[in-house]
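Work through the exercises below with the structure in view. Try each task before reading its solution.

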Amino acid sequence: MTARILDGKALAAELRAEAAAEAAAFSAEHGRAPGLGVILAGDDPASRSYVTAKEKACAEAGIRSREVLLPASAGRARLLDAVAELNAADGIDGILVQLPLPDPSLEDEIIEAMDPAKDVDGFHPANAGRVALGLPAFVPCTPAGIMEMLRRAGVPTAGAEAVVVGRSRIVGRPLSILLSRKGADATVTVCHTRTRDLAAHTRRADILVAAAGRPGTIAADMVKPGAVVIDVGVNRVPDATRARGYRLEGDVDFAGVSAVASAITPVPGGVGPLTIAMLLKNTVEAARRRRAAAAGKGAVRP
Ligand code: NAP
């Protein structure tokens with residue numbers, strides 16, 4: 001069997017075009033574009049480049065972004081002030097705090113200070129709780145993108161055995177909840193570093209998601225023939241033949257698993273591009289909900 005490639009780039013382009021059309025409709029109706037506030041603290045080059053990519057995607061989709069740039073030395077008070085300012089700003093519908101913060105021990109408090117109705121990354125406990133309860137919420141962008149990919153690729157989830165390798169707050173945990181919710185209806189197993197026999201679990205999976213952040217986590221003999229394999233991992237593997245000195249690899253042995261699976265996401269070009277696309281979608285959705293609430297059509301609920 002040669003697996004079908006699930007093309008995240010093409011899907012992301014589709015989602016971004018949809019977000020742009022929705023943003024244009026919002027702007028036409030309300031006389032302003034949806035707005036995203038981005039807090040970037042410190043000068044980590046990776047964080048800088050993620051923020052630049054997100055701002056560029058916003059501009060292309062007709063979403064206004066406002067960056068709050070803070071020095072690495074900015075402490076708790078400065079960060080909380082920045083969040084409070086964006087919470088109060090009427091033209092700002094979504095807030096994104098680029099993680100990791102220079103002091104990661106502040107992250108929980110800073111995220112919790114955010115207005116949950118503006119939490120377009122879906123990291124606030126109110127949103128995480130609502131996702132777990134199956135209530136309307138902002139869903140973290142990477143798992144939301146994976147669910148969208150499965151849906152649009154026609155991968156049936158109802159009754160499927162889904163195995164998620166990884167239990168992080170931003171990928172594995174929320175994805176496992178989304179897959180098991182009513183409507184998706186998969187039977188979900190969550191694996192982590194204390195899982196006793198990883199291969200015994202992964203071999204049962206109709207849908208296998210690898211979000212471990214370790215290259216080579218999933219080999220071909222760990223995959224059930226015909227499974228759908230979603231590789232979330234993005235790992236820098238040293239490679240002297242590349243000008244930048246490394247190549248990007250997922251968590252899955254792509255060549256080997258492609259011969260066993262029925263469908264697979266490549267790295268790069270699979271899950272990666274979906275994350276920003278879903279951020280745009282969530283921002284437009286936040287703008288709509290805030291306007292609906294302001295017009296008295298209900299509480300501002302994420
Ligand atoms: P993380 O916070 O480091 O979590 C990794 C999870 O995988 C943990 O729950 C860990 O278990 C588990 N794990 C690690 N090695 C394992 C192994 N050998 N067997 C079983 N479980 C194992 O990472 P993350 O933030 O979720 O990210 C995961 C990967 O996805 C990374 O490569 C990251 O770069 C990538 N990522 C991509 C996107 C995107 O494409 N847009 C977005 C986010 C993340 P414990 O809990 O026991 O430690």
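**Exercise 1. Find the elements that the buried residues of α3 pack against, and work out how those residues are arranged on the helix.**

Solution. This is a predicted model.
- Step 1: List the packing partners. The buried residues of α3 pack against β2 (35–41), β3 (64–70), β4 (94–97) and α4 (107–113).
- Step 2: Name the buried residues. In α3 they are L79, A82, V83 and L86.
- Step 3: Look down the axis of α3. The buried residues fall within an arc of 95 degrees, so they line one face of the helix.
- Step 4: Turn to the face away from that buried side. There α3 carries the exposed residues A77, D81 and A88.
- Step 5: Check the length. Helix α3 covers residues 76–88, which is 13 residues. From first C-alpha to last, α3 reaches 18 Å, close to the 18 Å expected at 1.5 Å a residue.

**Exercise 2. Give the strand order of the three-stranded open sheet and say which strands stand at the edges.**

Solution.
- Step 1: Read the order. It is β3-β2-β4, with parallel pairing.
- Step 2: Find the edges. β3 and β4 each have a single partner strand, so one side of each is left without a neighbour in the sheet.
- Step 3: Take the twist. Neighbouring strands of this sheet are turned by 15 degrees against each other on average, direction ignored.
- Step 4: Count the bridges. Seven join β2 to β3, while β2 and β4 pair over four.
- Step 5: Pick out bridge partners. L36 has S65 as its partner in β3, and I39 stands opposite V97 in β4.
- Step 6: Inspect the faces of β4. In a regular strand the side chains alternate between the two faces of the sheet. On β4, G94 and L96 lie on one side and I95 and V97 on the other. All four are buried, which leaves both faces of β4 covered.

**Exercise 3. Decide whether S65 and S258 are buried, partly exposed or exposed, and list what each touches.**

Solution.
- Step 1: Place S65. This residue is found in strand β3.
- Step 2: Apply the cut-offs. Buried means under 20% relative accessible area and exposed means over 50%. S65 has 28%, so S65 is partly exposed.
- Step 3: List its contacts. Leaving aside neighbours within four places in sequence, S65 is in contact with L36, E55 and C58.
- Step 4: Place S258. This residue is in helix α9 (residues 254–258).
- Step 5: Classify S258. Its relative accessibility is 11%, so S258 counts as buried.
- Step 6: List its contacts. Not counting residues up to four places away in sequence, S258 touches M1, T2, A3 and I264.

**Exercise 4. Describe the six-stranded open sheet, then locate α7 and α6.**

Solution.
- Step 1: Read the order. It is β1-β11-β8-β7-β5-β6, with parallel pairing.
- Step 2: Find the edges. β1 (4–5) and β6 (187–191) each have a single partner strand, so one side of each is left without a neighbour in the sheet.
- Step 3: Follow β5 (residues 161–165). β5 pairs with β6 in the parallel sense over five bridges. E161 stands opposite T187 in β6.
- Step 4: Add α7 (residues 172–180). This helix lies across β5, β6 and β7 (207–210), running at about 170 degrees to β5.
- Step 5: Add α6 (residues 141–152). The axes of α6 and α7 come within 9 Å and cross at roughly 35 degrees. The crossing is right-handed.
- Step 6: Name the meeting residues. P143, A144, I146, M147 and L150 in α6 meet P174, L175, L178 and L179 in α7.

Methods:
Residues are numbered from 1 along each chain as its sequence is written. This is a predicted model: local features need pLDDT of at least 70, side-chain atom pairs count only at pLDDT 80 or more; totals for chains, interfaces and linings use all residues. Side-chain values use heavy atoms; hydrogens and water are left out. Helices (H or I, at least four residues) and strands (E, at least two) are DSSP runs, numbered from the N terminus. The expected span of a helix is 1.5 Å times one less than its number of residues. Buried means under 20% relative accessible area, exposed over 50%, partly exposed in between (1.4 Å probe, protein chains only). The arc is that of the directions from the helix axis to the C-beta atoms. Contact means heavy atoms within 4.5 Å. Two strands pair if DSSP finds at least two bridges between them. Axes are lines fitted to C-alpha atoms, for helices over the stretch in contact, and angles run from 0 to 180 degrees between N-to-C directions. A crossing is left-handed if the near helix is turned anticlockwise from the far one by less than a right angle, and right-handed if clockwise.
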